[in-house]
Structures are given as C-alpha cells and as structure tokens.
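Open your viewer and get the selection tool ready. We will take a short walk through one chain.

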Amino acid sequence: MKIHEFVGKKILKEYGINVPESVFIKNFPPEKGIIPSVIKSQVLVGGRMKSGGVLFADNGEEFLRNTEILLKKPIKGEFPYGVLAEEKIKINHEYYISAVLNREKRSEEWIFSEEGGIEIENSENIKKGSYEEILNTVPEKFRTFLPKLKKIFNEKDLTLLEINPVAEDTSGNLTALDCVMHVDDNALFRQPWAKKFTEDDHDFHYVELDGNIGIIGCGAGIVMATMDAVKNAGYSPANFLDIGGGADKETTLNALNLLKSKNIKITVMNIFGGITKCDVIANSILEFKEINKDIKLFIRLTGTNEEEAGIILEKNNIKNYKDLDEMINALDIFLKKEVHNND
Amino acid sequence: MTEGNEKVCVQGITGKYGKFHTEKMLKYGTNIVCGVSKNSSVKEIAGVPVLNSAEDAVKIYKADTSVVFVPARFAKDAVTEAIYAGIKKIIIITEHIPIHDMIEIYSLSKEKNVKIIGPNCPGIIIPSVLKIGIMPEKAFKPGDIAIISKSGTLMYEVANQLSVNSSGIKIAIGLGGDPVTGTNVSEAFDYIIKKGIKKTVLIGEPGGNEEIKGIKHAIDKGYDGKIKTFFAGKTAPEGKTMGHAGAIVEGREGSIAYKESYLKSMGIDVSEKISDLVF
C-alpha cells in the first residue's frame with residue numbers, strides 16, 4: 001500500500017530526520033501558508049513532477065492561485081488527497097537513498113547514490129547492498145542518518161522507502177525533500193496509522209480494469225487465467241476479483257453485487273474448490289439470479305461438493321460448464337449471437 | 001523437499017482449517033504424529049495428540065516436519081519455535097504473513113539449515129503416498145510429472161488436466177504467492193533433478209523473475225528433462241497487485257509478455273492454454 005508524502009514526512013520527523021517546514025492543505029482557501037514555497041499535489045501515482053503536480057510560490061497571490069490549481073487538478077487521472085506546501089530549501093548537493101525488498105536474496109536491499117534527483121534511473125553512480133554494506137560506504141554525514149531510516153523501514157513494515165532527493169544545505173545539514181513509502185498490506189494489523197488510508201474495504205481482492213466482461217474466481221492464479229482466456233477469445237475483462245479460499249454466501253453475493261453496481265451485464269465465474277464448497281457458491285448464484293435475471297452468468301464449478309452444486313444448478317436450468325475452455329466457447333458463441341441480433 | 005516418510009506435526013491443529021485438513025491428510029496416509037496448539041483445552045484431534053509446544057513434538061513424537069496453519073500474526077513465533085525445537089522441514093500454509101516476518105524466518109532457517117516451503121501455499125503432494133497441504137487430492141493422480149507452482153488453485157486446475165489427459169503427477173510443489181518464499185523455483189528444480197523426474201510443468205505469475213532464473217538454473221545444473229510452462233496474468237496491468245502479494249508487475253521484467261518471450265527464445269515450451277499442457 002502506498003503512503004502519501006505528507007504522512008511519510010511526519011514519520012521521518014518523528015524519527016529525527018529533518019524535513020522542510022510545511023503545511024498540509026485539504027480545502028481551499030488554506031488557513032495558513034508558507035512563502036516562498038514548493039506546493040506539491042498529494043497523489044500516489046509516480047511521475048508527479050513531470051505531470052505538473054509540483055508548483056512554486058514566491059508571494060501570497062501565487063501561493064493561493066497555485067494551491068487552488070493543484071487541489072482541483074487530477075494527476076494522471078488521480079485526484080489529490082490534498083496539497084503539501086513546504087518551505088524552499090537552499091540546496092548544495094542532492095543524494096538518493098532507498099530501501100527495497102530483494103525477492104531473489106529474500107532480504108532487504110539498500111541503494112545509495114551521490115547523484116540524487118529525478119533521473120536516478122539513468123545514474124551510473126549507484127551502490128546496492130545489504131544495510132551494513134551501504135552503511136560502510138556512505139559519506140560520514142550519513143552515518144547517523146541511515147540508522148534512523150533502517151529503524152523506520154523495519155518498525156513501520158515498509159516494503160519500499162525512497163528519499164529522493166536527500167538535500168544537503170550550505171551548512172552541511174541533510175533534509176529529506178521527498179518521501180515514498182509502501183507499507184506491507186499484510187502488516188496493517190500492527191500499523192494502525194496506515195490503516196485509515198486504506199481504500200479497499202471488500203472482503204475479497206478486487207482490481208478494476210477497463211473491459212466489460214466481469215470475472216470472478218477463487219484464487220489469484222485461476223482468476224488471472226480466466227481473465228487471460230477471456231482476452232484470448234477477443235473480449236475484454238472488466239476486473240480481477242478473487243473471492244479467496246472458503247468463500248461463504250455473503251462474500252459471493254457481495255462480489256456479484258459489486259460487479260452489478262459497476263453495470264456489468266455478463267460475468268464469468270470460475271471456481272475450483274479446495275477449501276471452497278461448490279454447493280455454497282451454487283446457492284449464492286441462485287439467490288443472485290432470482291433478483292437479477294438480466295445479468296448473464298457463465299458458471300464453471302468444480303472441486304469440493306461439485307455433485308451437490310451440479311444438482312442445484314441443473315434443477316434451476318443454469319448450465320455448469322465442465323472446464324474453462326468449454327465456458328469460454330459458450331461465452332464466445334453467446335456474444336457473437338448478440339452482435340448478430342443487434343445487426 | 002520430501003522423502004515420503006516424514007513424521008509430521010500440525011501447528012495450529014485446533015483451528016478450523018488445521019482440524020479439517022489434519023483429518024484429510026490422515027485419510028490420505030500422511031504420517032501425522034502430533035499437533036501443536038496454544039489452546040491447551042484440546043488434548044486430541046482425530047486421534048492425534050495435541051501438545052503445547054513444538055519442543056515436545058520433537059522430544060516425544062520425533063516429529064521432523066511441521067505444517068503450519070497458525071494465523072498470520074502468530075506465524076513467525078510458531079515457525080521460530082519449530083526451528084529452535086529442531087524441526088527440519090516446515091510447510092507454511094498460512095497466508096498474509098508480513099514480509100518482514102518472512103525475511104526474519106528465512107534468515108533464521110538458513111542459519112539453522114531448515115527447509116521452508118511457503119507461506120501462502122497449498123503445500124506438497126506425492127499422489128498416493130503423502131500430502132502435506134490442503135489440495136483437493138482428487139485432482140492429483142499418480143504419474144511421472146512434477147508441478148512447480150506459485151498459485152494454489154491454478155495448480156489444482158493444471159494437476160487435473162495432467163491427471164486426466166496426460167501421464168499423471170509424480171509430485172506437486174506449491175511455492176506460494178508471496179514475494180518472499182522459503183523455497184523458490186531454482187530450489188524446487190534442485191529437488192526434481194535429484195529425484196530424476198524427467199517431466200516438469202512450471203506455473204508462473206506476473207512479478208519478479210524467478211521463473212526465468214529457475215529454468216536457467218535447472219539447465220545450468222544439467223537438467224535434461226522436458227519443461228513446459230504456463231503463465232497466468234497476461235492481462236494484469238502494471239503496478240496493481242493481483243491477489244497474491246507477489247503478483248505485481250513492477251518494471252518490464254515482471255510482465256508475462258517479457259517472461260514468455262524470453263523463455264521462448266531459450267527454446268522452452270510456453271503453453272497458451274492449460275489444455276495444451278500435455279506430455
């Protein structure tokens with residue numbers, strides 16, 4: 001889960017890292033201001049600077065104008081949570097520092113560069129290694145800065161911590177000018193500060209896509225495989241929706257109703273039940289179909305209690321396809337017929 | 001990975017899933033010697049004695065393997081306890097374990113020479129011999145193919161396909177869908193090479209580059225069997241987690257398009273559909 005810059009900076013400050021003086025502004029007009037200042041849109045998408053999400057103000061008039069602009073302006077389609085106005089810092093030198101998770105080594109990895117700034121990807125002067133390795137190679141002034149970051153990275157359950165740039169001012173002080181933090185979703189139970197920004201309040205995994213065919217399955221792999229099969233047949237998935245293992249009637253109905261609320265008229269459901277009981281899913285489908293006769297469902301239920309599920313569906317004239325290929329074929333025939341009828 | 005003769009202890013045996021799957025594993029023939037639970041009011045589950053600590057499981061019942069159903073927030077403590085007790089193989093079924101906990105678990109397991117499989121995985125199965133996990137056994141008929149998978153339900157789907165339309169399963173190894181797993185694709189191949197299994201199906205996902213690394217590793221080690229791969233997640237957009245914490249495309253190398261074209265250029269068989277996975 002991505003964390004807004006202004007929240008990340010509060011944490012840096014708590015751990016004794018210098019950040020610029022700032023005000024966070026949620027509504028216009030602001031109660032307080034800072035001049036001269038850097039005004040930054042609080043969005044979670046990357047490339048904010050290049051998309052015009054950062055403006056400057058040297059006087060009150062500019063401050064108000066640019067704050068208002070940024071509060072209203074979506075960045076790459078994302079509306080800002082607010083804006084952060086910060087004092088301008090006199091910069092002598094910029095550094096780059098980050099900590100990430102290295103999947104292959106299955107450990108933390110620290111990255112440091114003497115050349116901070118937005119083009120870090122192109123810098124050849126990058127050092128990567130374990131925390132200890134990096135601590136031993138950084139300039140003297142980072143020897144007290146780095147342990148604070150290490151503490152934040154571990155104590156806040158971060159999967160990414162990036163400060164780009166760390167600015168050194170004319171008197172040699174280090175200040176974090178930007179801050180990117182990702183918190184591990186699995187650790188939110190012990191990170192209550194991050195929890196209040198969670199958008200996802202479903203009891204399943206849902207990702208919206210731009211197509212029109214709804215997808216529901218149990219297990220991330222099977223849902224992705226189903227999406228791919230729909231795409232392969234020439235159609236476009238509307239979403240990724242994984243009801244997980246052992247879904248009950250309520251979860252299943254919530255999933256179906258969510259897609260209905262997104263105005264999805266055709267949904268493909270692919271369940272291979274291990275922990276999930278197919279008869280429970282079949283009964284949920286019946287209950288949903290009863291009220292939503294206009295929504296077309298393509299169902300494939302197999303695995304635990306599939307016989308019971310088969311009987312329930314058959315009694316109610318709902319076809320249970322034997323595998324994914326057969327179901328996608330039926331979807332294809334149905335959609336081609338629909339196009340034909342509309343001609 | 002497994003020799004088929006493990007003495008298994010179930011950690012978290014008194015929970016809903018722990019109890020249900022203990023019964024199913026017993027029925028399958030797995031040698032479950034005991035369970036461990038912090039709930040001391042239960043003394044027995046399905047005829048299996050329930051103990052208070054992993055230490056007792058090793059001392060009294062000579063357990064050498066544990067399968068973990070303990071809830072995520074307590075999983076690190078449970079696994080750490082098992083490692084210090086002297087358990088040598090730990091299969092973690094639990095999902096949603098914090099990544100920092102897994103980093104600690106992994107580093108301790110290396111230090112103590114303990115093999116970890118998972119977390120967030122379906123476990124391992126040698127059809128007709130043993131099952132340490134939660135997979136629906138009906139989908140796994142005995143045969144000569146090894147399956148390596150990060151996904152659980154997709155592994156069932158593929159196993160079913162290989163059982164019905166091909167030569168059946170020798171072993172299926174569920175690695176788990178998290179970014180940090182105790183066993184990765186390369187290590188799974190080490191086992192397959194050691195066991196002389198000549199047919200392997202690898203089921204991949206978006207994110208990371210383990211599949212390519214693992215296959216390269218197998219070839220470097222002289223693996224001369226056939227490898228077939230299937231990837232789910234071609235339609236996964238960049239920067240969105242697709243259910244599994246590990247299934248997120250960050251940069252070009254994590255995308256399925258990149259993985260598939262790279263493997264094809266190596267001459268590896270990449271299947272478009274699950275039904276194409278036939279030896």
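This tour of a predicted model goes from domains to strands to single residues.

**Stop 1: the domains.** Colour chain A by domain. Domain 1 covers 21–87, domain 2 covers 93–195 and domain 3 covers 205–342. Now look at domain 1 and domain 2 of chain A. Their C-alpha centres are 25 Å apart.

**Stop 2: an open sheet.** Select β2, β5, β3 and β4 of chain A. In that order, these four strands form an open sheet with antiparallel pairing. Why is one side of β2 and of β4 left without a neighbour in the sheet? Both β2 (22–25) and β4 (54–57) of chain A stand at the edges, and each has a single partner strand, so one side stays free of a sheet neighbour. Tilt the view to follow the twist, which averages 20 degrees from one strand to the next.

Zoom in on β2(A) and β5(A), residues 83–87. They run antiparallel and are joined by four bridges. Pick Ser22(A): opposite stands Glu86(A) in β5(A).

Next, add helix α1 of chain A, residues 5–14. This helix packs on the sheet and touches β2, β3 (37–41) and β5 of chain A. The direction of α1 makes about 45 degrees with that of β5(A).

**Stop 3: the partners of β11.** Select β11 of chain A, residues 180–183. Strand β1(A), residues 2–3, pairs with β11(A) in the antiparallel sense over two bridges. Find Lys2(A), which stands opposite His182(A).

Which strand do four bridges join to β11(A)? That strand is β9(A), residues 158–168, and the two run antiparallel. Finish at Leu158(A), whose bridge partner in β11(A) is Val183(A).

Methods
Residues are numbered from 1 along each chain as its sequence is written. Chains are lettered from A and ligands numbered from 1 in the order in which they are written. This is a predicted model: local features need pLDDT of at least 70, side-chain atom pairs count only at pLDDT 80 or more; totals for chains, interfaces and linings use all residues. Side-chain values use heavy atoms; hydrogens and water are left out. Domain bounds come from an automatic or database domain assignment. Two strands pair if DSSP finds at least two bridges between them. Axes are lines fitted to C-alpha atoms, for helices over the stretch in contact, and angles run from 0 to 180 degrees between N-to-C directions. Contact means heavy atoms within 4.5 Å.
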